[in-house]
Amino acid sequence: MKLKNIIIGGLGLLAFSSCNDYLEVDAPSKFSPEDIYSSVKDAGMALNGVYAEIMSSNCFGQAYTYSLILNSDVDFVTNSSENDETNTPKRYDQTAASSTANGVWNATYSAIETANAFIYFLENSNIYKENNDDYASLQQYMGEAKVMRAMLYYELMCYWGDVPFTMQPTRVTNNFYPEIVSRDVIAKTIMEDLIAVAPNMKPTSQLSEGIERISQEACWAMIARIGLQAAGYSLRHNADDATSYGYMGKPSATEETWFLTQARDYAKKVIDSGTHSLNNSYQDVFLNECNFKVINDDDPIFEIPFTKEVSGYIGYRQGPKFESSGGATNFQWGECGGNQQINNLFRFSYKEGDTRRDATIGWWYYTFDGMPKINTNITVYNNKWSKLFNTTSAFTSITTGNTGINYPYLRYADVLLMFAEADLKLNQSVSGEAISAVQQVRNRAYKGSTISAPAVTGGDADAFLKEILDERKWEFAGENSRWKDLVRNNMLAQELYYTFLRNYAVAAEMGGQGDAVVNDMVTYHDNIDYFGGTLGETYTQEEIDAAIPGDNAFGKSAGAAKDQLVPAYIYWVYMKNPRKNSYFANHDLNVLYLFNAYAANQKFKTEYNTAEKFFKYIKQKYPNSPVAAYEPGGDPEDPAGTIKYEMKTADFATKYWKDGNDYAENSVLYSLYGFIKADRDNKTTFQMNRNGVYTTFDITSEQTDLPVVRYLMPIPREAITRSEGRLKNYYGY
């Protein structure tokens with residue numbers, strides 16, 4: 001059941017508590033608290049007003065699901081500017097004048113104020129009494145509001161660190177500028193608040209709207225999420241030192257243990273409840289959301305219930321770009337932005353047979369008339385969600401954002417992996433329970449694959465933590481998880497450094513100026529041989545048996561050394577839509593077949609040197625291969641039909657390396673600008689940002705003394721001005 005009418009109905013009750021800027025309240029509403037909290041029905045409508053606030057564009061409607069997904073080794077948006085900017089948090093480059101920071105800050109505190117008001121006035125109402133027949137429903141409402149408030153403070157702590165904190169509405173306190181409170185205190189306070197309210201909440205099975213409302217399991221999962229993040233590292237500042245970028249630190253040992261204990265125990269509560277599972281395929285989780293199907297007993301624990309034509313940009317920012325002409329397309333889905341993308345090279349980290357790879361990585365986009373075009377950027381599309389995957393005729397040729405596609409804020413897979421990480425860190429040893437939790441996530445990823453899921457090996461504590469974090473990056477690519485995982489494990493600087501090296505090393509190879517030392521550093525860090533001959537890995541029989549032409553292992557023998565992986569050219573052809581979700585979840589548009597998307601360049605043998613011969617060869621030689629069911633298509637750009645089945649090539653080298661020059665493309669050199677970049681005047685000299693000063697480093701010498709990454713946002717200048725000096729920026733802002 002979608003909450004469209006319920007949420008819209010709740011909007012009328014917002015004005016009594018909501019805010020425009022930070023905590024400066026609006027004019028009084030025609031509704032008084034006594035009017036709103038005189039019945040269970042009206043209290044429920046007021047609660048839906050809190051839901052409506054978190055769905056705003058500057059909150060979860062777009063900001064936390066797109067604008068503030070920071071660049072990492074997984075999520076990546078390119079930027080070619082050689083100069084400082086004021087408003088590009090993705091590349092760690094902004095000032096206190098950032099309009100994004102200002103918009104998100106105001107919207108988040110507006111939602112907090114609305115939640116605070118709901119909680120306070122319900123708690124002090126005449127109907128919130130044990131002898132009320134509807135007391136159980138009101139307790140559930142109270143829990144939902146408190147979880148939403150905790151979600152908002154959690155995101156503020158992730159992006160701002162220590163922030164102004166209050167659990168009272170300004171209508172009661174008249175304090176529009178609460179004091180900044182330590183993130184450790186905030187985390188413990190909101191966790192204790194949720195721990196107290198959780199026993200009074202209902203499980204998903206007892207909620208008529210299911211996972212579109214916050215259940216007891218969602219409350220438990222939120223406790224685990226806050227606790228795990230709070231127990232880890234974050235960027236902190238020394239007292240009264242506003243100029244330094246700060247240092248990476250953790251809470252006290254006692255606090256860390258408390259946070260980890262709660263994270264482990266409450267993740268375990270979700271697991272033991274047995275109310276959620278990983279029964280559906282990985283891809284189906286997201287396709288169900290694209291088609292407005294609410295599945296209450298599978299992976300999603302809480303989906304933010306967006307409303308079509310009202311809220312939510314899920315499936316517009318994600319998925320393939322679909323260009324418009326005159327504001328429209330020739331197809332029923334309308335324009336798609338396709339802006340929220342994935343690092344191109346991340347595709348090689350997936351193991352063969354992992355279905356998450358093809359459910360996530362998207363290679364082509366569409367012109368307004370439905371013509372597929374190969375994407376030659378250094379990023380690929382995030383194909384988890386797209387309006388194009390909707391089969392309910394919900395959209396039109398002029399639809400843009402406000403898709404109404406739900407976002408899975410809490411998933412059972414996350415709970416399993418949070419349990420494993422908290423259990424490992426708490427006990428400093430690898431338990432069978434933790435291994436089993438990770439294995440469940442991995443098993444689902446290989447469901448329907450021709451290759452069995454590799455066993456989770458565990459090993460020592462360091463090896464197992466890496467295994468957990470790798471599983472998380474494959475599982476949650478594009479879900480605003482990776483940089484947070486890296487922060488709490490104090491790995492953000494290292495992984496951004498290697499992301500820069502990786503992109504640069506590939507660019508240099510494509511430009512004919514590769515350096516063996518840089519290549520080796522990247523190869524050994526990733527345990528992936530992008531360049532050939534340096535890792536010493538060999539092909540297994542299982543890889544060879546599963547390979548088809550275009551795969552690196554095709555035609556090799558077991559034990560043969562692995563060669564270069566990264567292709568400078570992608571071979572592709574127009575293909576008839578196979579109408580299989582595992583290939584592309586839209587069954588009506590033209591599609592492409594990429595011969596070597598996950599393998600190095602190779603010359604195609606004479607027996608299949610055209611697309612037509614290739615597909616015929618596959619059908620004869622590999623009849624059980626999924627590709628055997630596919631067929632080449634004529635060239636839709638050639639209406640006369642004179643060219644058919646022609647293999648085409650896309651040159652990726654030109655997107656990595658500046659053709660005719662001796663330096664990489666700007667998108668390689670400046671997409672991590674606030675942390676690492678090339679010198680503007682000499683693009684073969686490289687610099688790191690240390691406390692606001694860019695210092696030169698030797699790219700052929702591994703850097704172990706990495707500076708901190710200033711990933712935290714600035715408190716907006718507007719908020720500081722209005723606070724009359726009560727608020728202050730640190731971290732060099």
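**Exercise 1. What pLDDT does the protein chain average, and what percentage of the residues score at least 70?**

Start with the ground rules. This is a predicted model, where local features need pLDDT of at least 70, side-chain atom pairs count only at pLDDT 80 or more, and totals for chains, interfaces and linings use all residues. Residues are numbered from 1 along each chain as its sequence is written, and side-chain values use heavy atoms, leaving out hydrogens and water.

Step 1: pLDDT is the predictor's confidence in each residue, from 0 to 100. The protein chain averages 92, and 93% of the residues score at least 70.

Step 2: now the weak spots. Residues 8-20 have a pLDDT below 50, with 40 contacts (heavy atoms within 4.5 Å) beyond near neighbours in sequence. Residues 25-31 are also below 50, and that stretch has 16 such contacts in the model.

Step 3: where pLDDT is low, don't read the predicted coordinates in detail.

**Exercise 2. Describe the second largest pocket and the strands that join in its lining.**

Step 1: get the terms straight. On a 1 Å grid over the protein atoms alone, a cavity is a set of points where a 1.4 Å probe fits but cannot get out; a pocket is an open set with protein on both sides within 12 Å along at least five of seven lines; lining residues have an atom within 4 Å of a point. Points are joined across faces, edges and corners, and the volume is the space filled by probe spheres set on them.

Step 2: the second largest pocket comes to about 1300 Å³. It has 50 lining residues, with Arg357, Asp358, Ser582, Pro626 and Tyr630 nearest its centre.

Step 3: sort the lining by class. You get 25 nonpolar, 15 polar and ten charged residues. Here Ala, Val, Leu, Ile, Met, Phe, Trp, Tyr, Cys and Pro are nonpolar, Asp, Glu, Lys and Arg are charged, and the others, Gly among them, are polar.

Step 4: look for helices (DSSP runs of H or I, at least four residues) and strands (E, at least two), numbered from the N terminus. Among those supplying at least two lining residues each are helix H12 (282-290), strand E11 (361-362) and strand E17 (591-594). Helix H13 gives the most, with four residues.

Step 5: follow E17 into its open sheet, ordered E17-E16-E18 with antiparallel pairing; strands pair if DSSP finds at least two bridges between them. E17 and E18 (648-651) are the edge strands. Four bridges join E16 (residues 569-575) to E17, and Tyr574 has Leu592 as its bridge partner.

Step 6: do likewise for E11. Its open sheet runs E10-E14-E11, again antiparallel, with E10 (341-343) and E11 at the edges. Two bridges join E11 to E14 (residues 379-382), and Ile361 stands opposite Asn382.

**Exercise 3. How many cavities of 30 Å³ or more does the structure hold, and what lines the largest cavity?**

Step 1: there are six.

Step 2: the largest cavity holds about 280 Å³ of space. Of its 22 lining residues, Arg225, Asp414, Glu479, Asn480 and Ser481 lie nearest the centre.

Step 3: by class, this lining has nine nonpolar, four polar and nine charged residues. Strand E15 gives the most, with four residues.

Step 4: the second largest cavity holds about 180 Å³. Its lining has ten nonpolar, three polar and four charged residues.
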